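Visitor: I would like a close look at a single part of this assembly, taken slowly and with the distances given wherever they are available. Could you choose the part and lead me through it in one connected account?

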Number of protein chains: 2
Amino acid sequence: MGAGSRYDNEVLSALRRGDRFRSCQEVHALIADARGGPARPPSLSTVYRTLHRLAREGEVDAIHSEEGERLYRRCATSSHHHLLCRACGRAREVPHAREVRAVLARVERLTGFAELSYSLEFSGVCPDCD
Amino acid sequence: MGAGSRYDNEVLSALRRGDRFRSCQEVHALIADARGGPARPPSLSTVYRTLHRLAREGEVDAIHSEEGERLYRRCATSSHHHLLCRACGRAREVPHAREVRAVLARVERLTGFAELSYSLEFSGVCPDCD
DNA sequence: AAGGTTATGATAACCGTTTTCATTTTGACA
DNA sequence: TGTCAAAATGAAAACGGTTATCATAACCTT
């Protein structure tokens with residue numbers, strides 16, 4: 001505990017708006033938008049810090065865009081992959097693929113590597129954009 | 001053709017030195033080292049440009065490090081995944097996993113997404129480091 | 001309310017990468 | 001081989017996302 005931010009909820013709720021990965025600056029803008037009136041949004045620094053911490057704590061998922069930008073997303077389940085639409089950028093989760101376990105075991109046996117982990121991301125064109 | 005660089009060979013041969021992904025600046029340093037004497041190495045700009053182009057042409061593979069840095073590697077086969085050692089950073093290729101095709105087809109059916117592609121990277125601890 | 005701890009905001013620093021542009025090299029062709 | 005246009009190069013500046021800095025503000029705990 002202790003290491004919480006006053007803005008955790010706003011950051012998380014911004015991430016929940018729309019099913020896509022968002023950059024830190026997008027999150028910052030979303031929060032500013034959500035506050036209609038003269039209310040002061042958190043600074044960019046704070047949003048960076050908050051997202052960084054939430055990612056470290058496992059509260060949000062982080063990936064790198066093709067351009068190297070860091071993108072965040074709030075995820076529902078713990079075991080899943082991401083499927084990004086190349087056209088509209090929306091992302092959905094797909095359930096963890098059982099087959100990957102088999103591949104992992106085979107790679108481990110084949111290579112002698114230990115403590116194998118992996119990252120798997122899908123992309124395609126979603127039904128709406130197709 | 002036509003769009004080649006005078007330094008393609010040196011860049012590629014630097015990438016072949018050691019089986020690990022290398023940043024652009026590492027490649028630049030490797031080339032400078034390889035030229036013992038007073039010979040002038042290519043500028044950093046040129047190495048950036050060359051690697052960028054080689055990646056676009058599919059001559060080298062590019063990934064992003066955890067910190068967002070772009071890393072390059074010369075790869076032998078066209079269909080493979082990478083297995084990075086978390087301890088020493090060396091990378092080896094593992095043959096393309098047949099199971100992934102099945103997963104891909106299932107995800108396509110399940111989600112209605114078209115033109116699916118994916119990226120799959122493994123990491124672990126190699127036999128030498130274990 | 002006092003005092004120490006932690007979070008925040010504004011700004012500067014960082015760092016890898018890209019852009020710019022003047023200069024050099026290259027290649028085609030007479 | 002000399003000329004000329006097109007392409008590549010180097011040096012430095014610009015860029016963009018991210019992190020560090022530090023003074024100020026908010027937050028406990030007593």
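**The DNA contacts and the chain pairing behind them**

Guide: A polar backbone atom of A:Ser43 lies 2.8 Å from a phosphate oxygen of DNA strand C, and this contact is a convenient place to start, with the caution that the model is predicted. A second phosphate contact to DNA strand C comes from A:Ser5, where a polar side-chain atom is 3.2 Å from a phosphate oxygen. The bases of DNA strand C are reached as well, since an N or O atom in the side chain of A:Arg49 is placed 2.8 Å from a base nitrogen.

Widening the view from these atoms, one counts 20 residues around DNA strand C, and those that come nearest are A:Ser43, A:Thr46 and A:Arg49 from chain A together with B:Tyr48 and B:Arg70 from chain B. Among the atoms of DNA strand C that come within 4 Å of the protein, 67% are accounted for by sugar and phosphate. By class, the surface near DNA strand C divides into five nonpolar, eight polar and seven charged residues, and H3 of chain A and H3 of chain B each supply at least two residues of that surface.

What, then, are the closest residues around DNA strand D? Of the 20 residues that surround DNA strand D, the closest are A:Tyr48 and A:Arg70 from chain A and B:Ser43, B:Thr46 and B:Arg49 from chain B. A phosphate oxygen of DNA strand D is found 2.8 Å from a backbone N or O atom of A:Arg70. Two side chains of chain B approach the bases of DNA strand D: B:Arg49 places a polar side-chain atom 2.8 Å from a base nitrogen, while B:Ser45 has a side-chain N or O atom 3.3 Å from a base nitrogen. Of the atoms of DNA strand D within 4 Å of the protein, 64% belong to sugar or phosphate, the rest being base atoms. The surface near DNA strand D holds five nonpolar, eight polar and seven charged residues, and helix H3 (44-56) of chain A and helix H3 (44-56) of chain B each contribute at least two residues to it.

One of the residues nearest to DNA strand C, B:Arg70, also leads into the fold of chain B, being the bridge partner, in S3(B), of B:His64. That pair belongs to the five bridges over which S2(B) and strand S3 (residues 70-74) of chain B pair in the antiparallel sense. The wider arrangement in chain B is an open sheet of three strands in the order S1-S3-S2, with antiparallel pairing. Its edge strands, each pairing on one side only, are strand S1 (22-23) and strand S2 (60-64) of chain B.

From the DNA we can turn to the place where the chains meet, with 38 residues of chain B in contact with 38 residues of chain A. The area buried between chain B and chain A is about 3,100 Å², and carbon and sulfur atoms give 60% of it. More of the area that chain B buries against chain A comes from B:Glu99, B:Phe113 and B:Phe122 than from any other three residues, their share being 19%.

B:Glu99 deserves a closer look, as this residue of helix H4 of chain B has a side chain joined to that of A:Arg106 by a polar contact of 2.5 Å. Leaving aside residues up to four places away in sequence, B:Glu99 touches A:Glu99, A:Val103 and A:Arg106.

Four salt bridges are counted between chain B and chain A, and one pair that meets in a salt bridge is A:Glu115 and B:Arg86, at 3.8 Å from N to O. Polar contacts between chain B and chain A, counted where both residues have pLDDT 80 or more, number 14 residue pairs. On the side of chain B that touches chain A, at least two residues each come from strand S4 (80-85), strand S5 (91-95), helix H4 (98-111) and strand S6 (114-125) of chain B. S6(B) gives the largest share of that side, 12 residues. By class, the side of chain B that touches chain A has 19 nonpolar, nine polar and 10 charged residues.

S6(B) also takes part in a pairing across the chains, running antiparallel to strand S6 (residues 114-125) of chain A over nine bridges. Within that pairing, A:Phe122 has B:Tyr118 of S6(B) as its bridge partner.

Methods: Residues are numbered from 1 along each chain as its sequence is written. Chains are lettered from A and ligands numbered from 1 in the order in which they are written. This is a predicted model: local features need pLDDT of at least 70, side-chain atom pairs count only at pLDDT 80 or more; totals for chains, interfaces and linings use all residues. Side-chain values use heavy atoms; hydrogens and water are left out. Contact means heavy atoms within 4.5 Å. Buried area is the accessible area (1.4 Å probe) that two parts lose on being put together, summed over both. A salt bridge is a side-chain nitrogen of Lys or Arg within 4 Å of a carboxyl oxygen of Asp or Glu. A polar contact is a pair of N or O atoms within 3.5 Å; within protein, one must be able to donate a hydrogen and the other to accept it, and residues adjacent in sequence count only if both atoms are side-chain atoms. Helices (H or I, at least four residues) and strands (E, at least two) are DSSP runs, numbered from the N terminus. Ala, Val, Leu, Ile, Met, Phe, Trp, Tyr, Cys and Pro count as nonpolar, Asp, Glu, Lys and Arg as charged, and the others, Gly among them, as polar. Two strands pair if DSSP finds at least two bridges between them. A residue is near a molecule or strand if one of its heavy atoms lies within 4 Å of it.
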